[in-house]
Structures are given as structure tokens and as C-alpha cells.
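Work through the exercises below with the coordinates open. Try each task before reading its solution.

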Amino acid sequence: MSTRGTVLHSHGPGGQLKADEVELTVGPGETLVEMRLAAVTPLDRSTLAGRQPGTPFVPGSEGIGVVLSSDVAAAGATVLVRGEGVGVTRQGVWGRYAVVPNAAVHAVPSSLEPAAALALLTPALTAHTAVRRVADVQKGETVVVTGVTGLIGRMCAAIARAAGAARVIGLVSLDDSADSIGGLVDQLVRVDGLGQVGRELPWCDAVVDTMGGPVTGGVLGHVSPGGRIVVLGYKAGEFTTIDLHQLIGRDLRLLPVNLQRTTLAPDAAGQALADIASVPWRADYDVVPADRIGDVLERPGGRVLLDLTGLSVA
């Protein structure tokens with residue numbers, strides 16, 4: 001199957017992109033997607049800033065669209081596209097249509113609005129990696145999530161529940177509001193600025209620590225023998241004090257989450273979205289017409305989605 005469509009071509013390093021009409025052909029093991037939205041990710045910015053192939057290249061490593069032809073997804077299904085080198089080592093999704101490997105196509109849960117699913121993907125993958133891959137939370141375990149009022153903290157709590165945790169305990173600072181927690185945790189425990197945790201914090205099998213600093217050392221004394229602390233962030237400080245007697249004596253593991261050195265499983269994107277699908281989320285993002293990509297690339301940050309539906313050759 002083949003179709004003609006407009007894409008944004010990069011012709012070399014830098015943010016200069018040109019809309020061109022091209023012929024797209026679907027081969028074995030590939031899916032044709034009519035693209036609706038695409039994220040502008042740090043990976044896209046890095047790819048554009050580096051050395052591009054000598055031939056015109058279509059950037060775009062994450063997007064949402066509707067399946068036109070596929071062996072793995074029903075025609076008309078809304079899907080998320082990510083992975084398998086899309087937008088990095090092969091043509092990306094910044095176009096009206098994209099031909100992508102079947103393995104880069106992921107289902108979008110019906111409870112998630114497609115644009116929100118795309119905007120929430122990066123923090124969801126971060127939380128998913130921390131909980132399912134690094135912490136390896138198992139059914140029946142008790143899990144503590146520090147900084148549970150933050151977006152990633154709340155996602156970690158939701159994913160721990162989806163992984164089968166019997167109890168999820170949320171740790172928050174004394175001055176943090178817990179209004180956003182809802183039914184995500186079974187118990188809420190306060191921690192002070194020195195990392196001192198109340199005795200009401202029970203023994204746990206795993207800690208997913210988004211706070212760092214003295215909090216990391218403070219929760220160490222509440223981890224059961226053979227348990228682990230997964231360190232995901234350090235907004236409470238970059239330094240902590242570890243009681244080596246406890247660490248060694250109870251055979252605890254202190255595990256960092258380094259996404260730059262982590263190869264995600266092929267189904268990680270779909271699994272991450274499925275894990276958070278039962279919880280309502282607020283996603284912050286701007287939607288910008290694709291022909292304003294130059295303005296977007298000049299922005300220093302913020303979550304931006306490109307509207308690809310009106311893309312055409314000038």
C-alpha cells in the first residue's frame with residue numbers, strides 16, 4: 001500500500017525544516033498511520049542539532065494518529081507511535097502520514113484523551129521504569145513513594161498499584177497539600193525538612209524515592225531485609241547520609257534510575273499508558289500548528305504538541 005502526503009523535511013543540522021510532498025510505501029512488518037499530533041521532545045531537538053543523514057530526513061520520535069493499514073492494529077484505531085528508531089535512525093512522524101515498524105505502534109487506552117496520553121508519555125515512562133523495571137515491584141508488596149504529590153510521584157503510586165502492590169504509602173513534606181492524592185495511596189505520612197519520618201511509616205519492601213536528599217536516608221530504616229530503595233530524583237537535595245550498618249546488615253539495595261542508560265522494553269510505552277489509565281490526569285501542553293515548528297524550536301522548554309492535520313506544501 002502507498003499514499004502521498006506532506007512531511008516536514010530536515011535537510012541538515014539546525015531547525016530549518018521544509019514541507020514537502022512525498023510518496024510513502026508500506027512494506028512487510030510496517031504500519032501506515034495518519035498522524036494527528038506529534039510531540040517535540042528533547043530527543044527530537046538533539047537529533048536536529050546533530051549531524052543529519054545526507055538525504056532529507058523526517059524528524060519526530062513520538063506521535064498520535066489513526067491506523068490506515070496494519071498487521072497488528074485495526075484500521076481506524078487511535079495509536080501512539082514511539083520507538084524502533086522512529087525519528088532517529090529512520091523517518092519520523094512529523095508529517096500527515098508516517099510509515100513505522102509494527103513494534104512502534106502502541107494502543108491508547110480509551111480512558112485517556114489522545115493528546116493528554118501523548119503529553120503524559122514521558123513522565124509515565126519515567127515512573128514505569130522506576131516502578132516496574134528498577135524496583136521490580138511484585139504482587140503483595142508494600143511500596144513507599146516519596147514526593148507523592150508530584151506528577152511522577154502520583155504516577156509511581158498508580159503504577160505500583162497496577163503492578164500488584166498490596167499497600168502503597170505516600171510520603172509528603174510537612175507543608176505539601178495532599179489534595180491531589182485522591183485514592184492513590186492507602187496511607188499518607190509526613191516527613192520534615194531533615195528527612196525525619198514518623199514512626200507511623202510501616203516496614204516496606206520497596207521505596208520509590210522522587211525526593212532524594214535527607215529523605216533517602218530517612219526512609220532507609222523502614223525498608224525490610226532484602227528490600228530496595230529506587231532513587232528517581234533529588235529535589236530535596238543532592239546529598240544524603242546512608243547508615244551503612246543498616247544497608248549491609250539488612251542486605252538492602254540502593255538503585256538509581258538512569259533513563260539515558262536504560263533500554264526500554266518494546267512494550268514499555270503501551271504498558272506505561274495502561275498502568276496510569278485508571279486515574280484522571282491533568283496534562284500541561286501547548287498545541288501549535290506544524291507550520292510554526294520554527295517558533296517551537298526556539299522555545300527553551302515546555303511540553304509542545306504539533307498539530308499535523310493542517311500540514312501542507314506552501
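## Exercises on a predicted model

Aspartate 251 has a relative accessible area of 55%, which makes it exposed. The model is predicted. Keep both points in mind for the first exercise.

**Exercise 1. Locate aspartate 251 and aspartate 136, and compare their phi angles and exposure.**

Step 1. Place the residues. Aspartate 251 sits in the loop that links helix 5 (244-249) and strand 13 (253-256). Aspartate 136 belongs to the loop between helix 2 (114-134) and strand 8 (142-146).

Step 2. Read phi. For aspartate 251, phi is near 55 degrees. For aspartate 136, phi is positive too, at about 50 degrees. Most residues other than glycine have a negative phi.

Step 3. Classify exposure. Exposed means over 50% relative accessible area. Aspartate 251, at 55%, is therefore exposed. Aspartate 136 has 40% relative accessibility, so it counts as partly exposed.

**Exercise 2. Describe the largest nonpolar core and name the element that gives the most residues to it.**

Step 1. Find the hubs. The core has 47 residues, and Leu80, Val145, Val208, Ile276 and Trp281 touch the most other members.

Step 2. List the contributing elements. Two or more residues come from each of strand 3 (30-39), helix 2, strand 8, helix 3 (151-162), strand 9 (167-173) and helix 6 (268-276). Helix 2 gives the most, with 11 residues.

Step 3. Check for a second core. Another core of 35 residues lies apart from this one; Val22, Val26, Met35 and Val288 are among its members.

Step 4. Inspect one hub. Isoleucine 276 touches Leu112, Ala124, Met155, Ile159 and Trp281, leaving out residues up to four places away in sequence.

Step 5. Recall the general trend. In soluble globular proteins, nonpolar side chains tend to be buried together.

**Exercise 3. Is arginine 154 buried or exposed, and which residues is it in contact with?**

Step 1. Place it. Arginine 154 is part of helix 3.

Step 2. Apply the cut-off. Buried means under 20% relative accessible area. Arginine 154 has 17% relative accessibility, so it counts as buried.

Step 3. List the contacts. Beyond its neighbours within four places in sequence, arginine 154 is in contact with Val148, Thr149, Ser180, Ile181, Leu184 and Trp281.

Step 4. Contrast arginine 45. Arginine 45 lies in helix 1. Its relative accessible area is 23%, so it is partly exposed. With neighbours within four places set aside, arginine 45 is in contact with Val40, Val296, Leu297 and Arg299.

**Exercise 4. Which residues of helix 1 are buried, and how are they arranged around the axis?**

Step 1. Pick the buried residues. In helix 1 (residues 42-49) these include Asp44, Thr47 and Leu48.

Step 2. Use the arc. Asp44, Thr47 and Leu48 cover only 95 degrees around the axis, so they are on the same side of helix 1. An α-helix has 3.6 residues a turn, so residues three or four places apart point the same way.

Step 3. Turn to the other side. Pro42 and Ala49 are exposed there.

Step 4. Find the packing partners. The buried residues of helix 1 pack against strand 1 (2-10), strand 2 (17-25), strand 3 and helix 7 (293-298).

**Exercise 5. Trace the pairing of strand 3 with strand 4, strand 6 and strand 15.**

Step 1. Check burial. In strand 3, 9 of the 10 residues are buried, so the strand is largely enclosed by the rest of the structure.

Step 2. Take strand 4 (residues 62-69). It pairs antiparallel with strand 3 over 6 bridges. Glutamate 34 stands opposite valine 66.

Step 3. Take strand 6 (residues 97-101). It runs antiparallel to strand 3, joined by 5 bridges. Glutamate 30 has proline 101 as its bridge partner.

Step 4. Take strand 15 (residues 304-307). Here 3 bridges pair it with strand 3, again antiparallel. Alanine 39 is partnered by leucine 305.

**Exercise 6. In which sense do strand 8 and strand 9 run?**

Step 1. Read the bridges. Strand 8 and strand 9 run parallel, joined by 5 bridges.

Step 2. Find a pair. Threonine 146 stands opposite leucine 171 of strand 9.

Step 3. Check burial. Strand 9 has 6 of its 7 residues buried, so it is largely enclosed by the rest of the structure.

Terms used
Residues numbered from 1 in each chain as written. Predicted model: local features only at pLDDT ≥ 70, side-chain atom pairs only at ≥ 80, totals over all residues. Heavy atoms only, no water. Helix = DSSP H or I, 4+ residues; strand = E, 2+ residues; numbered from the N terminus. Buried < 20%, exposed > 50% of the residue type's maximum accessible area, 1.4 Å probe, protein only. Core = buried A, V, L, I, M, F, W, Y, C linked by side-chain atoms within 4.5 Å. Contact = heavy atoms within 4.5 Å. Arc of directions from axis to C-beta. Pairing = 2+ DSSP bridges.
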